[in-house]
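Notebook open, viewer running. I'm jotting down what I look up as I go.

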Amino acid sequence: MTSITMTVNGKPASGEVEPRMLLVEFLREGLGLTGTHVGCDTSQCGACTVHVDGQQVKSCTMFAVEAEGAEVRTIEGMAGADGSLSPLQQAFQDEHGLQCGFCTPGMVMSLETLLQDNPKPTEAEIRDHLEGNICRCTGYHNIVRAALAASGQL
Ligand code: FES
Ligand code: FES
């Protein structure tokens, strides 16, 4: 077992993990942050997307020990301290950008990085950015609308 320490959603987090433990397992099982989902475990679906040091990462592709000392943000860290939804989360709600909701945490985390880097993306840029996120309910149209709404383009 190996000791790891990182910052998750602005708070210190630590644990004893096996070197083979994935970051998504540490977040879900070690820290109880089950908003980060596992849809495939083979780095295809994007349901496990989180931010590590500001970069979008599929947390099933990274070992927990690789996040030693990192700043990690999960979907639980998106809402305000008072529980209010982030502008992007609110746009998902307003535009009905989800059906079953399984893909939604990953979609939100992915689109958040797009909007940070490109505050007014085109529809084509949004669709291109979501290449690594699969929605099994095929609700892409309203997800794209949510990103357009959050960037003030609807
Ligand atoms: S669970 Fe990580 S990409 Fe699907
Ligand atoms: S809303 Fe069901 S998988 Fe996307």
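I started with Met107, which sits in helix α3. This is a predicted model, so everything below is read off a prediction. Is Met107 buried or exposed? Its relative accessible area is 0%, so I put Met107 down as buried. Next I listed its contacts, skipping anything within four places in sequence: Phe92, Leu130, Asn133, Ile134, Cys135, Tyr140 and Ile143. I also checked Met107 against Val38: they are 69 residues apart in sequence, and their C-alpha atoms are 13 Å apart in space.

**The core around it**

Which residues touch the most other members of the largest nonpolar core? I got Phe92, Met107, Leu111, Ile126 and Ile143, out of 20 residues in that core. Three elements each give two or more residues to this core: α2 (87-94), α3 (104-117) and α5 (140-150). The largest share comes from α3, with six residues. I noted a general point beside this: nonpolar side chains tend to be buried together in soluble globular proteins.

I then took Ile126 from that list. Beyond its neighbours within four places in sequence, Ile126 is in contact with Leu111, Leu114, Pro121, Val144, Ala147 and Leu148. There is another core apart from this one, made of 17 residues, including Met6, Val8, Phe26 and Val52.

**α2 against α3**

How do α2 and α3 cross? Their axes come within 10 Å, at an angle of roughly 125°. That angle is why I logged α2 and α3 as oblique to each other. The crossing of α2 and α3 is right-handed. On the α2 side I see Leu88, Gln89 and Phe92; they meet Thr104, Met107, Val108, Leu111, Glu112 and Leu115 of α3. Sorted by class, the contact of α2 with α3 has six nonpolar residues, two polar and one charged.

Thr104 deserved its own entry. Thr104 is in helix α3, and at 12% relative accessibility I count Thr104 as buried. Outside the four-place window in sequence, Thr104 touches Phe92 and Leu98. From Thr104 to Gln89 I get 9.3 Å, C-alpha to C-alpha, for a pair 15 residues apart in sequence.

**α2 against α5**

Here the axes are 8 Å apart and the packing angle is about 135°. So α2 is oblique to α5. The crossing of α2 and α5 is right-handed. Which residues make the contact? From α2 I have Pro87, Leu88, Ala91 and Phe92, and from α5 Ile143, Ala146, Ala147, Ala149 and Ala150. By class, the contact of α2 with α5 comes out as nine nonpolar residues, no polar and no charged.

I looked along α5 as well. Ile143, Val144, Ala146, Ala147 and Leu148 are buried in α5, and what covers the buried residues of α5 includes α2, α3 and α4 (123-129). I wrote down the helix geometry next to this: an α-helix has 3.6 residues a turn, so residues three or four places apart point the same way. Just after α5 comes Gly152, with a positive phi of about 70°.

**Positive phi away from glycine**

Most residues other than glycine have a negative phi, so I went looking for exceptions. Ser43 has a positive phi near 65°. Ser43 lies in the loop between α1 (23-30) and β3 (49-52). With a relative accessible area of 34%, Ser43 is partly exposed.

His96 is another, with a positive phi near 55°. I found His96 in the loop between α2 and α3. Is His96 buried or exposed? Its relative accessible area is 58%, which makes His96 exposed.

**Last stop, Ser59**

Where is Ser59? Ser59 is in the loop between β4 (55-58) and β5 (71-73). Despite the loop position, I have Ser59 as buried, because its relative accessible area is 0%. Leaving out residues up to four places away in sequence, Ser59 touches Leu22, Leu23, Val24, Leu27, Thr36, Cys48 and Val50.

Terms used. Residues are numbered from 1 along each chain as its sequence is written. Chains are lettered from A and ligands numbered from 1 in the order in which they are written. This is a predicted model: local features need pLDDT of at least 70, side-chain atom pairs count only at pLDDT 80 or more; totals for chains, interfaces and linings use all residues. Side-chain values use heavy atoms; hydrogens and water are left out. A nonpolar core is a set of buried Ala, Val, Leu, Ile, Met, Phe, Trp, Tyr and Cys residues joined through side-chain atoms within 4.5 Å. Buried means under 20% relative accessible area, exposed over 50%, partly exposed in between (1.4 Å probe, protein chains only). Helices (H or I, at least four residues) and strands (E, at least two) are DSSP runs, numbered from the N terminus. Contact means heavy atoms within 4.5 Å. Axes are lines fitted to C-alpha atoms, for helices over the stretch in contact, and angles run from 0 to 180 degrees between N-to-C directions. Angles under 35 degrees count as roughly parallel, over 145 as roughly antiparallel, 65 to 115 as roughly perpendicular and the rest as oblique. A crossing is left-handed if the near helix is turned anticlockwise from the far one by less than a right angle, and right-handed if clockwise. Ala, Val, Leu, Ile, Met, Phe, Trp, Tyr, Cys and Pro count as nonpolar, Asp, Glu, Lys and Arg as charged, and the others, Gly among them, as polar.
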